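Thank you all for coming. I would like to take a few minutes to walk through one model, and I will ask you to keep the picture in view while I talk.

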Amino acid sequence: MKDFLVIGAGSAGCVLAAELARRGAGSVAVLEAGPSERHPLVSMPFGLVWLMGGTRDWRYKSARLSHAGGRQINIPRGKMVGGSGSINSMVWFRGRKSDFDNWDISGWSFADVEHAFEAVEARLQPTRMQGAHPLAEGLAPMLGSNRDAVPTPEYESAGVLAHNMLHTRRHSAADAYLRPSGVEVVTGVEVDRLVWDGDHAVGVLLVDGTEIRARKGVVLCAGSLATPAILMRSGVGPQDDLNQHDIDTRVDAPEIGQNLHDHPGVGLHFEGAGTGYGLEPRQWLSWAVAPWRYYNGNGGRLASPTCEGGAFFNARGTGAMPDVQSHFIPFHLDSRGKRYGLKSGYFADVCVCRPKSRGQLRLTSKDPKAAPFIDLGLLSDPRDLDTLVAGLTRLRALLALADFGSRRGREVHPGVDTTGDALREHVRNSVGTAYHPVGTVRLGGPVSNRLAVHGTRGLWVADASVMPQVTSANTNAPSMMIGWKGAKYISEDAA
C-alpha cells in the first residue's frame with residue numbers, strides 16, 4: 001500500500017507525483033489508464049499526426065454544438081503516460097500574468113505561481129524552435145514588436161514559438177519529471193470510482209473490480225473530462241444528476257462538471273506549389289529521406305511539432321491588449337478533413353484567448369465505459385463569435401505583411417471573398433477548439449485554494465479542471481504549474 005495514489009499520468013500528474021516524492025511526502029503510485037509513452041511516434045514531434053485519433057487517444061466527441069451548426073467535434077485527449085502532453089504540439093506559454101491575478105484566488109496570483117513556472121521550466125527547458133520552416137520564420141514582420149523573440153500574449157507579437165523539445169525530441173513531463181523520479185507507474189488500469197471510509201477517500205476501485213488503497217489519500221489528475229466523471233461516479237457532484245443514475249450522493253456539489261470551456265478557434269487554409277510542407281510530387285524525395293535524416297539527429301520535417309509559429313493580437317486592431325491567438329502550421333491541411341492530399345500549403349487559425357462561452361459535462365451512466373455528455377458550449381456567448389469574425393478579418397491583413405516571399409500561397413478556404421455575414425456563417429459551421437478544455441472542478445468552487453475537495457478528506461484535484469478561467473494561450477505549461485503547486489500544498493497538508 002502506498003501513501004498516495006495519483007490518478008492520471010498526464011502533464012500535471014507527472015509533475016505532482018515526482019514532486020511529492022522529492023519533497024518526502026510519502027510513497028506514491030501513479031495509475032494510468034493507457035499504455036507507456038515509450039513509443040517512437042511519441043518521442044518524434046511529427047508523430048502526433050498519427051497519434052491523434054489512434055488507440056493512445058481517448059477520442060472523445062462533443063455533444064452537438066447548438067450555437068455552431070449542430071455539429072459534433074472531436075476532442076483528442078492523450079491516453080498514455082504523459083497524457084495529452086504526449087500527443088500535443090508542445091507549444092509552451094505560461095499565459096498572461098493577469099490571467100492568474102484575475103482568478104482572484106488566494107495563493108494563485110501570478111506572484112504566487114511564478115516560482116512554480118520557473119521550477120518547471122528549469123526541468124523542461126522549453127526553447128524557441130530551431131530549424132523552423134521559412135514560412136514560420138517569416139511571421140515576425142506581421143507585428144514587428146518582438147523581432148526574433150518568442151511571441152507573448154502580453155502584447156501584440158508574432159514569430160516562431162517555444163516548445164518543450166530537447167534535441168529534436170519531445171521532452172514531456174513524463175520525460176523530465178516522472179521517469180527520473182523512480183515513482184511507481186502502473187499502466188493499463190482505469191479507475192471507476194473512489195473508495196471511501198466515511199468522508200475519507202482511502203483508495204480507488206478499478207473497472208475490473210480491483211481495489212487499490214492508499215494510506216494518506218488520492219489525487220485526481222485525470223484532466224478536465226475524466227476527473228469530474230470519476231468524482232460524480234464516486235458520489236461527489238450534482239445530486240439531481242447523480243440520482244438519475246442511481247448513484248448515492250456523498251457530497252452534493254452542483255458545480256462539478258460546470259464551467260467547462262476551451263479556446264474556440266477557426267482557421268484559414270492556404271495552398272500553392274512550393275509553399276509549406278506537403279505531399280506535392282516535388283517533395284516526395286524529401287519525405288522519403290526524412291526518417292533517415294531524423295534518426296541521424298539532423299532534424300528535418302519529422303522534428304516539426306506541426307505548430308511552429310504564431311501570433312497574439314487584438315482582433316479589432318484597437319491597440320488594446322491581445323484577445324486572440326493564432327497558431328501557424330507550415331503544412332498543407334486539407335480543408336475537407338482528408339489526411340492526405342498531393343498539395344503544398346499552410347494553415348493559420350484564430351482562437352479567442354479569454355472566451356465567454358461556457359458548457360458542462362454530465363454523466364450518461366454510472367458505467368465507467370460510457371462516454372460522458374460533453375457540451376463545450378462553443379459560441380453560446382455571441383461575443384466569442386464577434387471576436388472570431390473580427391480576428392479572422394484582421395489575420396488576413398496581417399498575413400499579407402508576413403515575409404513569405406515566393407512561398408506565399410492562396411487562401412482556398414474559406415476564400416478571401418468570404419466576408420461579412422458569410423464569414424459569420426462560416427465561423428458557426430467551422431469552429432472547433434484548440435484542445436484546451438478546463439474548468440470543470442474550479443478553484444473557489446468544488447475545491448479549496450489548496451486543491452482539497454470540499455466535504456471530503458484525503459482527496460485533492462490537481463489538473464486543468466481547477467482553472468476558474470482558461471489562460472490566454474496553450475494550457476500545457478499551466479497544467480504542469482498546477483501539478484507543482486499541488487505537490488507543495490498536499491505535502492504540507494497531509495504531513
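Which elements each supply at least two residues of the lining of the largest cavity? This is a predicted model, and I will come to its overall form in a moment, but the answer to that opening question is strand 18, at residues 309–313, strand 19, at residues 324–329, and helix 11. The cavity itself has a volume of about 30 Å³, and with a threshold of 30 Å³ or more the count comes to one cavity. Its lining is made up of L139, M142, G310, A311, S326, F328, A348, L395 and L399, and when these residues are sorted by character, seven are nonpolar, two are polar and none is charged.

Let me stay with helix 11 for a moment. It runs over residues 382–399, and its 18 residues should span 26 Å at 1.5 Å a residue, which agrees with the 26 Å that separates its end C-alpha atoms. Because 13 of those 18 residues are buried, helix 11 is largely enclosed by the rest of the structure.

Now to the chain as a whole. It holds 13 helices and 25 strands, and its radius of gyration of 22 Å is close to the 23 Å that the globule rule gives for 495 residues, so the chain is as compact as a globular protein of that length. Taken along the principal axes, the C-alpha atoms fill a box of roughly 70 × 50 × 40 Å, and 61% of the 495 residues count as buried.

Turning to the pockets, I will describe the second largest, which has a volume of about 400 Å³. It is lined by 21 residues, of which Q130, G131, T168, G299 and A303 are the closest to its centre. Two or more lining residues come from each of strand 5 (127–128), strand 8 (165–166) and helix 10 (284–295), and helix 10 gives the most, with four residues. The lining of this pocket divides into seven nonpolar, ten polar and four charged residues.

The last topic is charge pairing. Side chains of opposite charge can pair when their charged atoms come close, and a search of the whole structure finds 25 salt bridges. In one of them, the side chains of E137 and R128 meet at 2.9 Å, N to O; E137 counts as partly exposed at 36% relative accessibility, and R128 is also partly exposed, at 23%.

What, then, is the setting of the salt bridge between D323 and R316, whose closest N and O atoms are 3.6 Å apart? With buried meaning under 20% relative accessible area, D323 counts as buried because its value is 16%, whereas R316, at 44%, is partly exposed.

Helix 12, at residues 420–430, offers a pair within a single element, since R428 and E425 lie three residues apart there and are therefore separated by about one helical turn. Their side chains meet in a salt bridge at 3.0 Å, N to O, and both ends are partly exposed, with R428 at 28% relative accessibility and E425 at 40%.

Finally, I would point you to R450, K488, E492 and D493, which are linked in a network of salt bridges. I will stop there and take your comments.

Terms used. Residues numbered from 1 in each chain as written. Predicted model: local features only at pLDDT ≥ 70, side-chain atom pairs only at ≥ 80, totals over all residues. Heavy atoms only, no water. Expected span 1.5 Å × (residues − 1). Buried < 20%, exposed > 50% of the residue type's maximum accessible area, 1.4 Å probe, protein only. 1 Å grid on protein atoms, 1.4 Å probe; cavity = no way out; pocket = protein on both sides within 12 Å on 5 of 7 lines; lining within 4 Å. Points joined across faces, edges and corners; volume = space filled by probe spheres on them. Nonpolar A, V, L, I, M, F, W, Y, C, P; charged D, E, K, R; others polar. Salt bridge = Lys/Arg side-chain N within 4 Å of Asp/Glu carboxyl O. Rg over C-alpha atoms; globule rule 2.2 N^0.38 Å.
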